[in-house]
Amino acid sequence: MSTTAPAPKKAKKAEGSAASGDGDESRDYDAETQKALEEIDACQNEIDALNEKASEEILKVEQKYNKLRKPFFEKRNDLIKKIPNFWVTAFVNHPQISAILDEEEEESLHFLSKLEVEEFEDIKSGYRIKFYFDENPYFENDVLIKEFHLGSSGDPASQSTPIKWKEDMDLTKRHKQRQSQMKSSRKRAHEQPRTFFNWFTDHGDASADDIAEVIKDDMWPNPLQYFLVPDIEVENGLEGDEDESDEEEGGDAVVVVEEEGEGDDDDEDEEGDDDGGDLEGEGGDGDD
């Protein structure tokens, strides 16, 4: 019977670790290290199981509060309808959304009367962004929907409502024509490769759609902050002007003090001259 200790088990090397000199893809550990690694792996499995359970619980909470928020979103939309050009103003004031708006698209968004973001029941599988429009000179649709979901392969995918453009009013084509004219005329113009309606009809890489994420996670939760941006800036500007006025008034006060000081010195000099004159006069009388 051999008294040699059993050879330690081999653990797979972490991905990306440096290869050993003989090119072997496994590494030998002593028994104590191997045992610790196995215990760490078991501990990690427990953590992963808890994370999975937490995700399920968080999903249930999100589903619950989505239902609770829904009537307030509906009430907010009803109130927004009372404010002319609310959505186009909010879009124009948003730095990322305004960056893809050309002038004609901005005009078309004056007819945007309502915005909704609707998450799927299980949340994880996707959401829809709905744009409701009043009758307008650009297209026939009264609602345009862009949807994000998991495709058959399990990867994110998107689809959108076909836009029924009115005759000669296809803003995507008109934008391309303007860009071509600018290039042909050799004018140096700011090229805008992506516009709002180009984004709406683009389904290239749904997993990297930053505009959709901005609308869902930033604009939709609180559009009021973007509608009020100019008013907030004006208020801050007025406060700044008041501070500057106070500083200017303080500066004037300092100048006045300096002038008074100079005046006092002049008075003292004049008094000194008068005293000197009197002394000279008295001396003159003494000589006489």
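Q: What does N85 count as at 37% relative accessibility, and how should such a figure be read?

A: The scale has three bands: buried is under 20% relative accessible area, exposed is over 50% and partly exposed lies in between, with a 1.4 Å probe and protein chains only. At 37%, N85 counts as partly exposed. The model is predicted, and so that its local features can be read they need pLDDT of at least 70, side-chain atom pairs count only at pLDDT 80 or more, and totals for chains, interfaces and linings use all residues. Residues are numbered from 1 along each chain as its sequence is written, and side-chain values use heavy atoms, with hydrogens and water left out.

Q: Where does N85 lie, and what is its phi?

A: Most residues other than glycine have a negative phi. Although N85 is not a glycine, its phi is positive, at about 55°. N85 belongs to the loop between α1 and α2, where helices (H or I, at least four residues) and strands (E, at least two) are DSSP runs numbered from the N terminus.

Q: Which sign does the phi of D168 have, and is D168 buried or exposed?

A: D168, a residue other than glycine, also has a positive phi, with a value near 60°. D168 sits in the loop between β6 (156-160) and α5 (171-184), and with 62% relative accessibility D168 counts as exposed.

Q: How many aromatic pairs does the model hold?

A: Rings of Phe, Tyr and Trp (its six-membered ring) pair if their centres lie within 6.5 Å; planes under 30 degrees apart count as stacked, over 60 as edge-to-face and the rest as tilted. By this rule the count is 17 aromatic pairs. One of them joins F86 and F227, which are stacked with 4.7 Å centre to centre and 15° between the planes. F86 is part of helix α2 (residues 86-93) and F227 of helix α8 (residues 224-227), so this pair ties together parts that are 141 residues apart in sequence. F86 itself is buried, its relative accessible area being 3%.

Q: What geometry do the rings of F131 and F200 have?

A: The ring centres of F131 and F200 lie 6.2 Å apart and the planes stand at 75°, so the pair is edge-to-face. Strand β4 (residues 126-133) holds F131 and helix α6 (residues 196-201) holds F200, so this contact ties together parts 69 residues apart in sequence. F131 is buried, with 1% relative accessible area, and F200 is buried, with 1% as well.

Q: Which residues do ring pairs link into a cluster?

A: Both pairs just described belong to one cluster, in which ring pairs link F86, W87, F91, F131, F133, F139, W165, F196, F197, W199, F200 and F227.

Q: Which residue lies over the face of W220, and which over the face of Y127?

A: A charge sits over a ring if NZ of Lys or CZ of Arg is within 6 Å of the ring centre and within 35 degrees of the ring normal. R76 lies over the face of W220, 4.8 Å from the ring centre, and K216 lies over the face of Y127, 5.0 Å from the ring centre.

Q: How far apart are T89 and Y226, in sequence and in space?

A: T89, which is found in helix α2, is 137 residues from Y226 in sequence, while the C-alpha to C-alpha distance in space is 7.7 Å. T89 is partly exposed, with a relative accessible area of 25%.
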